[in-house]
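Student: Could you take me through one part of this structure slowly, beginning with a helix and then following its surroundings outward? I would like to understand how the residues there are arranged, and what can be said about them with care.

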Amino acid sequence: MKKIHLFAAAIWLALVSPLALADDTPLFVPQWLGAQYTFIDQHQSSLHSPYSGPLSLHAGGDTERSHTFGAYFGVALPAHFQFYFDVEMFKGEAVSGATGLGGVANGDVVHSGGGSLSKTAYVARRYLRWTLPLGDGREPAARGQDQLPDEEVTQRIEIKLGKMAVSDDFDKNRYADAARTQFLNWSLLNNTAWDFAADTRGYTDGLMLGWINPRWSLRYGIYLMPTQANGTKLENSPQRARGEQLELTLQPYADGAVLRLLAFRNIANMGVYRDAIAYALAHGTLPDIHADDRPGRRKYGFAINGELPLADDGETGLFARAGWNDGRNESFAYAEVDRTLSVGLQLSGVHWGRSQDHLGVAFAVDALSPAHRDYLALGGQGFTLGDGALAYGREHIVEAYYNIAVVDHLTLAPDIQLIHNPGYNRDRGPARFVGMRAHVEF
């Protein structure tokens with residue numbers, strides 16, 4: 001802890017120093033790479049609800065506000081090494097406690113830990129990055145979050161080791177990737193059928209290996225899983241529990257279409273839905289997937305992710321995602337979704353004289369495996385779902401936002417969402433969400 005405090009003091013000195021913003025900062029001098037504040041005010045309307053459980057959307061509606069603060073730092077080191085250190089803080093809550101949905105309506109509240117964690121500052125990322133140049137081609141890299149200002153070699157081997165978010169490097173998408181500036185719903189930020197390793201706040205420890213080329217790249221990542229579903233504590237060894245993913249990215253033409261193909265496998269202390277159901281029926285109890293947890297259980301899945309720039313230097317474009325996992329073992333780290341499909345559009349405001357504004361519209365469908373839906377129908381609970389019963393139907397999500405560039409560094413974004421069959425339950429809903437987001441970034 002003392003070392004962390006000393007490092008924080010060094011970072012503060014770098015922040016107030018003129019060197020902190022210079023592109024030619026010497027080695028070993030920490031640089032401030034950015035800071036952000038995001039405020040989201042979201043209202044969930046009342047909904048039809050003949051019954052509910054402990055993890056249902058609130059039938060009478062709810063209004064909550066969330067705040068996230070972040071400061072991001074980096075240090076250039078010899079021999080192509082860099083070190084990054086991010087500090088964040090979350091305040092507030094999510095509507096209905098971020099439960100009752102497959103696609104949760106406020107993607108930024110993942111950092112709250114479901115309201116169970118402290119509201120003090122925490123270390124979000126702390127990792128070492130190393131690159132090995134494989135060619136002479138270079139491209140400029142502007143200062144940004146977790147990006148030191150420099151020139152990047154376009155053909156390289158890249159390694160990251162430490163604490164980070166798995167989605168920092170996998171399942172990226174230009175048009176649907178960040179709750180602080182784009183879509184808010186979880187099912188439009190990442191592939192929700194991809195149950196990637198993360199603690200309750202969305203971070204984990206691990207290793208990423210990348211082979212980067214101008215027209216394609218191949219990445220492999222191995223990360224620690226939590227000790228229990230949506231848990232705060234990570235396993236201490238990848239031999240015991242881990243999340244692995246392999247992603248191939250294809251981009252034949254610069255600034256053209258991008259296609260990402262991802263496969264993943266999780267090994268963790270997971271329960272099996274059919275086993276939990278069988279035990280409950282034999283003993284006359286409600287099924288409890290958590291009581292069936294056993295180490296070494298495996299879960300696998302696949303995802304596809306595409307983006308297609310159409311006009312305005314890529315500021316107008318389309319995106320789509322599709323994902324599937326086996327749905328046999330419990331949803332463990334990200335979302336209670338076993339199959340997903342989403343499509344959407346980002347439109348630049350240049351067409352109505354507002355070149356910094358963006359309009360986004362998207363649609364997503366989430367679904368459960370047969371075993372998962374039977375488990376919920378018998379009264380079982382996951383970590384975000386549990387109405388006490390279930391008349392199963394796919395969850396349908398429509399979202400639209402308009403990002404308004406008010407002044408430099410400040411955007412405002414009204415957001416609306418309509419969700420049919422919330423929590424995959426045809427007996428409940430529809431649910432409507434209206435929100436306003438303010439985002440400040442330097």
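Tutor: What follows starts at one helix, moves to the aromatic residues and loops, and ends at a pocket. Please keep in mind throughout that this is a predicted model.

Let us begin with helix α2, which covers residues 273-283 and in which Tyr273, Ala276, Ile277 and Ala280 are buried. Seen down the axis of α2, these buried residues fall within an arc of 100 degrees, so they line one face of the helix. The general rule behind such a pattern is that an α-helix has 3.6 residues a turn, so residues three or four places apart point the same way. On the face of α2 that is turned away from the buried side we find the exposed residues Tyr279 and Ala282. What do the buried residues of α2 pack against? Their partner is α3, which spans residues 370-377. After α2 comes glycine 284, whose phi is positive, near 65 degrees.

From α3 we can go on to the aromatic residues. The charged end of arginine 373 sits over the ring of tyrosine 392, at 4.1 Å from the centre of that ring. The structure holds 15 aromatic pairs, and one of them is formed by tyrosine 392 and tyrosine 424, which are stacked with 6.2 Å from centre to centre and 20 degrees between their planes. This pair links distant parts of the chain, for tyrosine 392 lies in the loop between α3 and β16 (395-407), while tyrosine 424, 32 residues apart from it, lies in the loop between β17 (410-420) and β18 (431-441). Both tyrosine 392 and tyrosine 424 are buried.

The loop between β17 and β18 also contains proline 430, and the peptide bond that leads from glycine 429 to proline 430 is cis, with omega near 5 degrees.

Two further loops are worth reading side by side. Aspartate 146, found in the loop between β5 (138-141) and β6, has a positive phi of about 55 degrees although it is not a glycine. Aspartate 313, placed in the loop between β12 (294-311) and β13 (316-325), also has a positive phi of about 55 degrees without being a glycine. Is each of these residues buried or exposed? Aspartate 146 has a relative accessible area of 14%, and because buried means under 20%, it counts as buried. Aspartate 313 has a relative accessibility of 77%, and because exposed means over 50%, it counts as exposed.

Elsewhere, other aromatic rings take part in arrangements of their own. Trp186, Trp194, Phe196 and Tyr334 form one aromatic cluster, and arginine 201 lies over the face of tyrosine 122, at 4.0 Å from the ring centre.

The last stop is the second largest pocket, which holds about 370 Å³ of space. Its lining is made up of 20 residues, and those that lie nearest its centre are His80, Phe81, Gln82, Asp150 and Glu151. The elements that give two or more residues to this lining are β2 (62-77), β3, β4 and β6 (150-153), and the largest share, four residues, comes from β6. Strand β6 thus brings us back to aspartate 146, which is found in the loop between β5 and β6.

Methods. Residues are numbered from 1 along each chain as its sequence is written. This is a predicted model: local features need pLDDT of at least 70, side-chain atom pairs count only at pLDDT 80 or more; totals for chains, interfaces and linings use all residues. Side-chain values use heavy atoms; hydrogens and water are left out. Buried means under 20% relative accessible area, exposed over 50%, partly exposed in between (1.4 Å probe, protein chains only). The arc is that of the directions from the helix axis to the C-beta atoms. Contact means heavy atoms within 4.5 Å. Rings of Phe, Tyr and Trp (its six-membered ring) pair if their centres lie within 6.5 Å; planes under 30 degrees apart count as stacked, over 60 as edge-to-face and the rest as tilted. A charge sits over a ring if NZ of Lys or CZ of Arg is within 6 Å of the ring centre and within 35 degrees of the ring normal. On a 1 Å grid over the protein atoms alone, a cavity is a set of points where a 1.4 Å probe fits but cannot get out, and a pocket is an open set with protein on both sides within 12 Å along at least five of seven lines; lining residues have an atom within 4 Å of a point. Grid points are joined across faces, edges and corners, and a volume is the space filled by probe spheres set on the points.
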